[in-house]
Amino acid sequence: MPSNADLADALLTISKLIEILGQDSFRAIAHSKIARLVESSPVDFIELGRITPAAEAKRRLLEIEGVGAKIADKIVEFAATGRMSELDELRAAVPPGLLELLNIPGMGPKTINLVWKQAGVTDLAGLKRIIDTGEILSLPRMGAKSVEKLKGSIAIMAEANLRLALGPAQLLADALLATLRDKLGVPEDRIAFAGSLRRGKDTIGDLDILLAEDDPARSARAADIFTTLPGVRSITVKGETKCSVRMAVDLSSRWDAAEPAEPSDPASDASPGGSGGATVQVDLRVVPSAAFGAALMYFTGSKEFNVKLRSRALDMGLTLNEYGLFPNDPADSTPPH
């Protein structure tokens with residue numbers, strides 16, 4: 001069964017594909033906004049979308065601020081089938097290789113549209129070709145500095161599949177938690193690592209850090225501190241409840257033996273070649289204090305475990321999500337205070 005995260009990803013992909021195709025920017029923005037709403041909302045949109053009859057599901061969805069009739073229809077379709085016909089149509093209209101370019105940090109849909117329409121780029125190999133030949137410098141907004149950033153971003157993407165051994169990952173996570181606790185002044189029971197590291201997997205693809213915070217001003221400060229930590233090479237997302245960065249990681253046996261120096265411009269898409277070494281994605285999620293336990297379980301996963309646990313909750317007439325355990329009425333699943 002799909003989840004809120006799957007739904008948000010589908011809606012965000014529609015937004016990006018609309019921009020890649022150069023279509024209505026207002027429609028792209030609308031899908032992006034609803035994707036953020038779905039991702040951060042305690043309401044289980046999938047459960048709402050599965051209410052029968054479908055007309056009742058749509059009616060309940062329309063009661064949520066920000067959800068229009070067309071979006072409601074897409075949610076109902078996705079809840080029932082795990083697919084969206086519009087997403088399938090948009091994917092078919094774009095060369096498959098272009099979607100891979102979205103994984104390059106700083107390579108947004110408008111830039112992808114530019115290199116596709118004006119330079120005939122349809123995949124990563126094509127992008128590298130116009131960079132190597134210098135053809136990319138003839139495109140609008142593509143000066144030498146921008147191209148150097150793009151080269152660095154491609155190198156970062158090449159490292160995206162890097163998996164850290166458990167030991168170095170644990171050292172990095174411990175160092176990050178200690179730094180954040182010190183800078184934010186939060187107790188140990190309000191910040192923790194989650195994900196595959198908490199599950200003790202042999203290798204770790206990325207790091208997930210969870211922070212309990214109820215004060216919006218302190219949440220904003222946490223985002224500022226996190227995205228300017230020593231070793232941050234680029235910022236992928238910076239928001240009220242989630243930040244995502246690429247961070248330099250020392251693969252030697254001692255974390256403190258070669259801790260990377262703080263970059264001069266942490267917000268830039270700097271090349272990882274600048275100070276050497278590999279990078280890893282690190283995510284910070286900020287949740288209400290009362291939801292910290294539920295969120296820690298949810299973001300520790302695995303996905304398969306969460307699906308089974310949610311199904312068991314449903315069998316008991318309950319709804320389980322990252323905010324807690326609620327009676328099985330998705331519209332009443334409000335976050336704790």
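Contact here means that heavy atoms lie within 4.5 Å of each other, and the packing of helix H1 against helix H5 is described below in those terms. The structure is a predicted model. This briefing covers two topics, namely the pairing of H1 with H5 and the second largest pocket, which has a volume of about 240 Å³.

**Packing of H1 and H5**

- Helix H1, which spans residues 4-20, packs with helix H5, residues 69-81, at an angle of about 130°, and their axes are 11 Å apart.
- Because an angle that is neither under 35 nor over 145 degrees, and that falls outside 65 to 115, counts as oblique, H1 is oblique to H5.
- The crossing that H1 makes with H5 is right-handed.
- On the H1 side the contact involves Asp-6, Leu-7, Ala-10 and Leu-11, which meet Ile-71, Ile-75 and Phe-78 of H5.
- By class, the residues of this contact between H1 and H5 comprise six nonpolar and one charged, with no polar residue.

**The second largest pocket**

- The second largest pocket, with its volume of about 240 Å³, is lined by 13 residues, of which Gly-106, Thr-111, Met-142, Ser-146 and Leu-150 are the closest to its centre.
- Two or more lining residues are given to the second largest pocket by each of helix H8 (109-119) and helix H10 (144-158), and H10 supplies the largest share of the lining, four residues.
- The lining of the second largest pocket is mixed in class, with six nonpolar, four polar and three charged residues.

Key: Residues numbered from 1 in each chain as written. Predicted model: local features only at pLDDT ≥ 70, side-chain atom pairs only at ≥ 80, totals over all residues. Heavy atoms only, no water. 1 Å grid on protein atoms, 1.4 Å probe; cavity = no way out; pocket = protein on both sides within 12 Å on 5 of 7 lines; lining within 4 Å. Points joined across faces, edges and corners; volume = space filled by probe spheres on them. Nonpolar A, V, L, I, M, F, W, Y, C, P; charged D, E, K, R; others polar. Axes fitted to C-alpha atoms, helices over the stretch in contact; angles between N-to-C directions. Left-handed = near helix turned anticlockwise from the far one by under 90°.
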